[in-house]
Amino acid sequence: MTATVTSDRPANVTLVKGAMQRWSDLEHAPGGGASAAARTYVEQQLRPDARVALVGPHPLDLITGLAGQVAHLTVFTRSIPDAVLIGNALLECEGTEVVCGSVAHLPEAPEPFDLVIALDDMARVLSLETEVLDWQEVFDAVRALLADGGTLLLGVENELGLHRIGSLRSRYTSNDDATWSATATFDTGRPRTEAALTGVLADAGLVVRRLGIGLPAWEDQAVIATGTRSFSPQMDTLLAAATLGSAAFRRVGADPTRVTRAAVLSGRLPDLASGWFVVAGAGSGAADEDVATITATTPSGEVVTYTERDGAILTERDGVAVAEPVEVPTGSRLLSEHVLDACAVHDLPALRSLLRRYAGWLAGRPTRTSAGDRVGDIRMDAVLVADDGLVALDPGVLRGSAEDAAWEGLADLVRVIRARGARHPWPSATDDRTMMSIMGAMAELAPHPDLEALVGTESREPALPAYDVPGLLAVIERLTETNTALASRAQWFEDRLNTREREMRLRTARHDEELKRVVRQQELLRSSAEDVRRSITYRAGNLLIGPVRKVRDRGGR
């Protein structure tokens, strides 16, 4: 029997057909718009007098933040527990309501919205309490909410994204609630390329005003880029650096570094995007200029935007323009990638040279002298290697001494190695402190007084996958080959033993036959001797020889 969940439903929550009682989307994933980079796109579309619809799962803090910036907010969700949670959070906000159920089965069409936001794709909009709809049918229901002249902000996951390719487990074989989806099938109506997505939008009467890609993971789009087809080599370098240096990339999965590196070197990193973000307008009008931009979320939570105009790359940090343009050397790569390559091939001289170069570069950086000085990012994931030296993507002063900064950079490098499951030249049992000590010696740094504290500080980051699945499979294959060879040798020894055993059995049988023959001969001789003793001749001889022996014995005395 199906259990029914009862809850105190707030007055601002309306249940319609398709409401799901025993399911919560927010419990398993925060939903679209979780990253700071994605939220910048939402904020750019807001107007104080706008009617806004939020369709599908989105973070609760994003929902409550939107409620105070627009005239009216309606949240569409399929989960009753989520609707109650959101409704309670919006009780103090005027002009808000929550509709729980299927968007495709509303009892009556609501007043059209000026802005419709659906950043979590259509998969978690579909309700399982109604007939199953395909992606196109759910999208048509969302499109119907948009007013003429309104704006649709849509996120669509790329099934061939980096987060899928490098995932530790396939969502099609995982048996847990977090990866469950009714549309995780080969839905032919789902757009799987950028061209297919723009075609779907055009058929719906929407004009694409802006189209961006999200990297590296669908659950955490730390980097969003637009105009990637017109990127210069410098912007390609920045996109690669922002992706590889993001904290979200370290959580992607099974050592995707080599896949991403190949995509970077071939210029096809945008093809491995986790998804697309589209700003589309309803009604007539021309598309906006395809401006080349990169919006990235730094590990500290800061939002950095790079915009290429007239050959120069302009930078904004949290909406504040940086005076000097970013200088990106042609052909440069992240220092961490050079170090990981040296570790992978066990090139200790090259590794030693890179670490000493890094420590020397830090020694020449200015240190913080006042509270107003901005501290830069000195991680190897944020430093480019050029022909004439090292270049910081986030220039600024050091928080402390150059020696402390170098140890912090090495601690982060160890975390990168562990997170990506990268190969390194030391035994697998080497712990983090020992690895840091070795690299510190290679960089000619003075021993750190408290590596335990440094490692403990770095361990506050969420647990990261440290699995090299291709490497583990290679180990399994080598062990399989070794076991096969050992099995072959064991079979050879077994055959030799069987042969020797057969030979020994034959020899034993021959020995038994020989022994029986000798025993028979002894029995014949014994029988013959008894016959001789019983004969008259033997007895008569004993009678004659007996007195003679006695006479001989007496004469001898």
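This report walks through a predicted model of one chain, from its confidence and domains down to single residues.

**Confidence and layout**

Let's start with how far the model can be trusted. The chain averages a pLDDT of 87, and 91% of its residues reach 70 or more. The stretch to be wary of is 458-466, where pLDDT is below 50. That stretch still makes 19 contacts in the model beyond near neighbours in sequence. Where pLDDT is low, the predicted coordinates should not be read in detail.

As for layout, the chain is split into domain 1 (1-157), domain 2 (334-467) and domain 3 (484-528). Measuring between C-alpha centres, domain 1 and domain 2 sit 43 Å apart.

**Two helices with a buried side**

Helix H4 spans residues 135-143, and its buried residues are Trp-135, Val-138, Phe-139, Ala-141 and Val-142. These residues lie on the same side of H4, because they cover an arc of only 155 degrees around the axis. As general background, an α-helix has 3.6 residues a turn, so residues three or four places apart point the same way. What do the buried residues of H4 pack against? Their partners are strand E2 (51-55), strand E5 (113-118), strand E6 (146-157), helix H6 (194-203) and strand E7 (206-215).

Helix H12 covers residues 432-442, and there the buried set is Met-435, Met-436, Met-439, Gly-440 and Met-442. Here too the arc is only 155 degrees around the axis, so the buried residues share one side of H12. Just past the end of H12, Glu-444 takes a positive phi of about 60 degrees.

Over in helix H10 there is a residue that reaches this region: Arg-356 lies in H10 and touches Met-442, Ala-443 and Glu-444, leaving aside residues up to four places away in sequence. Arg-356 itself is partly exposed, with a relative accessible area of 38%.

**The cavities**

How many cavities of 30 Å³ or more does the model hold? The count comes to 3. The largest cavity has about 230 Å³ of space. Its lining is made of 19 residues, and Ala-242, Thr-298, Tyr-306, Asp-377 and Arg-379 are the ones nearest its centre. Helix H7 (233-244), strand E10 (293-297) and strand E11 (303-309) each put at least two residues into that lining. H7 gives the largest share, with 3 residues.

**Backbone oddities in the loops**

A few loops are worth a look if you care about torsions. Leu-215 and Pro-216 are joined by a cis peptide bond, with omega at about -5 degrees. Pro-216 is in the loop between E7 and strand E8 (223-226).

Asp-121 has a positive phi, near 65 degrees, in a residue other than glycine. This residue is in the loop between E5 and H4. Is Asp-121 buried or exposed? Asp-121 counts as buried, because its relative accessibility is 3% and the cut-off for buried is under 20%.

His-346 also has a positive phi in a residue other than glycine, near 60 degrees. His-346 lies in the loop between helix H9 (335-344) and helix H10 (348-363). With a relative accessible area of 42%, His-346 is partly exposed.

**Pairs along the chain and in space**

Two exposed loop residues join the picture here. Glu-92 sits in the loop between helix H3 (80-89) and strand E4 (96-100), and its relative accessible area of 75% makes Glu-92 exposed. Ser-428 is in the loop between helix H11 (402-420) and H12, and at 74% relative accessibility Ser-428 counts as exposed as well.

The table sets out one C-alpha pair for each of these two residues and one for Arg-356.

| Pair | Separation in sequence | C-alpha to C-alpha distance |
|---|---|---|
| Arg-356 and Ala-406 | 50 residues | 9.9 Å |
| Ser-428 and Tyr-358 | 70 residues | 25 Å |
| Glu-92 and Gly-409 | 317 residues | 46 Å |

Terms used
Residues numbered from 1 in each chain as written. Predicted model: local features only at pLDDT ≥ 70, side-chain atom pairs only at ≥ 80, totals over all residues. Heavy atoms only, no water. Buried < 20%, exposed > 50% of the residue type's maximum accessible area, 1.4 Å probe, protein only. Helix = DSSP H or I, 4+ residues; strand = E, 2+ residues; numbered from the N terminus. Arc of directions from axis to C-beta. Contact = heavy atoms within 4.5 Å. pLDDT = per-residue confidence, 0-100. Domains from an automatic or database assignment. 1 Å grid on protein atoms, 1.4 Å probe; cavity = no way out; pocket = protein on both sides within 12 Å on 5 of 7 lines; lining within 4 Å. Points joined across faces, edges and corners; volume = space filled by probe spheres on them.
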